Amino acid sequence: MSEIKIVAASIVNFLKQQLEGDGLNSDSRESVEVGVQCIETAFELSPQELAQGVDLLQLVRQQRNHVASGRAEAEKLKNEGNEFMKAERFREAFDKYSKAIEIDPRNAVYFSNRAAAHFKLGEHEMAIADCMAALALQPDYGKAHGRLGLALTALDRHREARAAFARAAQLEPENESYRENLRLADERLSQRGERGPLDLGGLLQNPALLNMATEMLSDPNMQNLISGLMTNTNATAGTGGMNALLEAGQALAQHMQAANPDLVEQLRRQVRPPGQGDNQPPSQ
């Protein structure tokens with residue numbers, strides 16, 4: 001008996017099991033009966049061949065139990081790996097994480113944890129590969145972005161590291177270590193006479209900047225200024241319109257400087273081109 005006939009017989013047997021129960025209404029029961037007849041006829045199934053079909057429902061249950069058992073074992077291996085990491089037994093931790101990945105290769109945490117073991121073993125390229133695997137499975141995994149940044153930093157790939165730290169900080173804005181690593185990456189780029197890209201996403205999510213924007217929009221003077229600009233948009237192509245825009249920009253800058261000078265200095269550091277002043281160590 002061919003494998004195709006075994007599958008067909010198994011489907012027929014499953015459908016007949018459903019007909020024996022009371023879970024189908026009359027319309028559904030009629031449809032299933034027609035389906036059984038069609039399959040038996042199409043595959044020319046004899047009673048002897050039907051007897052060789054497998055129990056599909058039991059097979060599915062066994063598979064689900066096997067998967068659940070495998071995941072539990074993978075989680076146990078991960079926890080053992082975590083304990084080895086705490087004990088600084090990094091090679092043994094790596095082995096545990098690798099076994100967990102073999103059982104459940106769709107779990108981003110296992111790849112990220114193995115990346116940490118690679119990093120501690122000085123295997124930075126392998127750490128990067130595992131971080132990328134974790135992020136392919138879970139793109140918004142902040143810890144994997146952070147560990148990617150550390151591995152890239154170890155290889156002096158500071159521009160890529162900065163991007164990884166920036167993404168980690170964006171995903172977990174309360175994590176102080178990500179913000180500190182981002183600051184250090186900017187410092188290293190400045191020491192090389194480079195400047196990291198302007199992080200518009202981070203700026204727009206900066207609580208201080210959001211608070212300042214809210215205060216400015218509630219200021220009657222700023223409301224009048226914005227209203228005046230909106231009513232004179234047709235004149236912006238001329239000299240008068242340009243002067244109005246310049247005046248508005250100056251007023252905004254003055255308001256921001258008065259409201260939060262530290263934030264203004266932070267913005268200046270992000271947008272100004274690198275120069276001699278950028279090579280100086282940051283103020284303590």
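This passage describes the helices, nonpolar cores and selected residues of a predicted model.

The overall make-up of the chain is a good place to start. The chain contains 15 helices and zero strands. Of its 284 residues, 30% are buried. The surface that the chain exposes amounts to about 17,800 Å², and carbon and sulfur atoms supply 53% of that area. Contacts along the chain can also be sorted by sequence separation: among those between residues at least 6 apart in sequence, 57% join residues at least 24 apart.

Attention turns next to the interior. The largest nonpolar core has 24 residues, and the members that touch the most other members are Ala 134, Tyr 141 and Leu 148. Several helices contribute to this core, with at least two residues each from H4 (56-86), H5 (90-103), H6 (108-120), H7 (124-137), H8 (142-154), H9 (158-171) and H10 (176-191). The largest share, five residues, is supplied by H7. A second core of 10 residues lies apart from this one, and Val 32, Ile 39, Leu 45 and Leu 50 are among its members. Back in the largest core, Tyr 141 gives a view of the packing around a single side chain. Leaving aside residues up to four places away in sequence, Tyr 141 touches Ala 108, Val 109, Ser 112, Ala 134, Leu 135 and Leu 171.

Helix H2 offers a clear example of a helix with two contrasting sides. H2 covers residues 26-42, 17 residues in total, and its first and last C-alpha atoms are 24 Å apart, close to the 24 Å expected at 1.5 Å a residue. Val 32, Val 36 and Ile 39 are buried in this helix. Viewed down the axis of H2, the buried residues fall within an arc of 75°, so they line one face of the helix. The other side of H2 carries the exposed residues Ser 26, Asp 27, Glu 30, Ser 31, Gln 37, Thr 41 and Ala 42. The partner of the buried residues of H2 is helix H1 (3-20), against which they pack. Both ends of H2 have details to look for in the structure. At the N-terminal end, Asn 25 acts as a cap, with a side-chain oxygen 3.2 Å from the backbone nitrogen of Asp 27. After the helix comes Glu 44, which has a positive phi, near 50°.

Helix H4 can be followed in a similar way. With 31 residues, H4 should span 45 Å at 1.5 Å a residue, and its end C-alpha atoms are indeed 45 Å apart, which agrees. Its buried residues are Gly 70, Ala 74, Leu 77, Lys 78, Gly 81, Phe 84 and Met 85. H5 and H6 are included in what covers them. At the start of H4, a side-chain oxygen of Asp 55 comes to within 3.2 Å of the backbone nitrogen of Leu 57. Just after H4, Glu 88 has a positive phi of about 60°.

Three individual residues round out the picture. Tyr 110 belongs to helix H6. Its relative accessibility is 1%, and Tyr 110 therefore counts as buried, since the cut-off is under 20%. Not counting residues up to four places away in sequence, Tyr 110 touches Arg 71, Ala 74, Glu 75, Lys 78, Tyr 97, Ala 100, Ile 101 and Asp 104. With Glu 75, the side chains form a polar contact at 2.8 Å. Tyr 110 and Ala 134 are 24 residues apart along the chain, while their C-alpha atoms are separated by 7.9 Å.

His 124 is located in helix H7. At 18% relative accessibility, His 124 also counts as buried. Its contacts, again without residues up to four places away in sequence, are Phe 119, Ala 151, Ala 154 and Leu 155. Asp 156, by contrast, sits in the loop between H8 and H9. Its relative accessibility of 49% makes Asp 156 partly exposed. Between Asp 156 and Arg 188 there are 9.4 Å in space, C-alpha to C-alpha, although the two are 32 residues apart in sequence.

Methods
Residues are numbered from 1 along each chain as its sequence is written. This is a predicted model: local features need pLDDT of at least 70, side-chain atom pairs count only at pLDDT 80 or more; totals for chains, interfaces and linings use all residues. Side-chain values use heavy atoms; hydrogens and water are left out. A nonpolar core is a set of buried Ala, Val, Leu, Ile, Met, Phe, Trp, Tyr and Cys residues joined through side-chain atoms within 4.5 Å. Buried means under 20% relative accessible area, exposed over 50%, partly exposed in between (1.4 Å probe, protein chains only). Helices (H or I, at least four residues) and strands (E, at least two) are DSSP runs, numbered from the N terminus. Contact means heavy atoms within 4.5 Å. The expected span of a helix is 1.5 Å times one less than its number of residues. The arc is that of the directions from the helix axis to the C-beta atoms. A polar contact is a pair of N or O atoms within 3.5 Å; within protein, one must be able to donate a hydrogen and the other to accept it, and residues adjacent in sequence count only if both atoms are side-chain atoms. Accessible areas come from the Shrake-Rupley method with a 1.4 Å probe; for residues, only the protein chains shown count as cover.
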